[in-house]
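User: Could you take me through the pockets in this model and tell me what each label rests on? I work at the bench, so please spell out the rules.

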Amino acid sequence: MFFVILAHQKFVMRKIQMVDLQTQYQFIKPKVDAGIQEVLSTAQFINGPAVKDFQAKLEAYLGLKHVIPCANGTDALQIAMMGLGLKPGDEVITADFTFAATVEVIALLGLTPVLVDVLPDTFNIDPDAIEKAITPKTKAIVPVHLFGQAADMNRIMDIATAHNLYVIEDNAQGIGSTFTDKQGNRVKTGGIGHVGSTSFFPSKNLGCYGDGGAIFTNDDDLAHALRGVVNHGMYKRYHHDVVGVNSRLDSLQAVVLNEKLKLLDFYNERRKWAAIRYTQLLHGHAKIETPVTSGDCDSHVYHQYTLKIVGADRDALVQHLQQNDIPCGVYYPIPLHLQKAYADSRYLEKDFVVTNQLVDQVISLPMHSELDEEQIQFICTTIRSFLD
Ligand SMILES: *Cc1c(COP(=O)(O)O)cnc(C)c1O
């Protein structure tokens, strides 16, 4: 059905979008609409059957014991840190090159963020930089599986074990991605560390039609702690044992997620196909570095397809694409250690050489499950003709 509908629209190229949620909705409309109608007529808006169903299905999909749904991906990170009992003064190491949510919740909880540099090829947190940043106050590491590719979890878990640290995986961009562990098992990201988090923001690989998120763990005690934190610190009705928050996934969002979870692998395959086509058409150009996949390429789910532009003006390319009605994004234009909110006199520029360079080089191209060959060819031709 997918290809038939796209073929019908062949005469005029469909407008290129960074993400195309309207077209995606058309394919699941009958089921989503019926599910939403059901929630409206039963009025089970909070903690309804759709939420419990989604929780169980996501546990099965990820091969994890516990999924705790919550209101968004930022909450998920915060709740993970609260559930682990991190306390003000504890240091938490995370990447300098990521979305601000990660460092924001560390700071909000009164913990001390410690930003470290990333690797130039995968854009993921540099394990050597983590090791260098560890002090007696360090309590946790937050690797972000940036753009959909797993961070080096074997190294990170070794470092964490050696120094008795928690690992919180920010899997907001990596859902469905896999990683091969030391025993040779392929495991899904989000379930490798002590706890993982994700976001169901609409443009994520598994997105709902509003805000949503989830926390993952295989640890029964931690799961119990987390279930209390998301619900006002209540383990027994009106008994508040710990300070908690109110963070819920609502039933309407769960309906959408139930439909889209069935298609997540298909969506990720479509993203991989688009990534492969982009790379085939752009690789080998002297001014373009196409994304590097470390280990098995299957592990990357391309939340973003991000090029490095070298020896050319990245910002001029952005403008050129926009003039040709090709949306693109710069994720991320400013290193976190240089943001006003997170600057700290402890940080030395020599420790952020890679991030400082990436912010000037990266450009993310349209990436979603509805991209077609004609659109990808047009995008690549436009990029090449500008850089030639
Ligand atoms: C999107 C995102 C978040 C936050 O998710 P929200 O649901 O928007 O709160 C956190 N971390 C990363 C890496 C993200 O990409």
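Analyst: Happy to! On a 1 Å grid over the protein atoms alone, a pocket is an open set of points with protein on both sides within 12 Å along at least five of seven lines, whereas a cavity is a set where a 1.4 Å probe fits but cannot get out; lining residues have an atom within 4 Å of a point. Points are joined across faces, edges and corners, and a volume is the space filled by probe spheres set on them. By that rule the largest pocket has a volume of about 510 Å³. Of its 29 lining residues, F99, Q173, F201, K204 and H303 are the closest to its centre. This is a predicted model, where local features need pLDDT of at least 70, side-chain atom pairs count only at 80 or more, and totals for chains, interfaces and linings use all residues. Residues are numbered from 1 along each chain as its sequence is written, and side-chain values use heavy atoms, leaving out hydrogens and water.

User: What space does the ligand take?

Analyst: A molecule sits in a pocket if more than half of its atoms lie within 2 Å of the grid points. The ligand takes the space of the largest pocket.

User: What makes a residue part of the ligand's surroundings?

Analyst: One of its heavy atoms must lie within 4 Å of the molecule. Residues around the ligand include N72, T74, D170 and K204. This shell holds four nonpolar, six polar and two charged residues. Here Ala, Val, Leu, Ile, Met, Phe, Trp, Tyr, Cys and Pro are nonpolar, Asp, Glu, Lys and Arg charged, and the others, Gly among them, polar.

User: Why is the approach of S199 to the ligand called a polar contact?

Analyst: A polar contact is a pair of N or O atoms within 3.5 Å; within protein, one must be able to donate a hydrogen and the other to accept it, and residues adjacent in sequence count only if both atoms are side-chain atoms. A polar side-chain atom of S199 is 2.6 Å from a ligand oxygen, so the pair qualifies. An N or O atom in the side chain of Q173 lies 2.8 Å from an oxygen atom of the ligand, and a polar backbone atom of G73 lies 2.7 Å from one.

User: Which helices give two or more residues to the lining of the largest pocket?

Analyst: They are helix 4 (73–83) and helix 5 (101–108), where helices are DSSP runs of H or I with at least four residues, numbered from the N terminus. Helix 4 gives the largest share, three residues. By class, the lining has 14 nonpolar, eleven polar and four charged residues.

User: How many cavities of 30 Å³ or more are there?

Analyst: The count is two. The largest cavity holds about 80 Å³ of space. Of its 13 lining residues, those closest to the centre are L21, Q24, R271, H368 and S369. Helix 2 (21–42) and helix 10 (264–282) each supply at least two residues of that lining.
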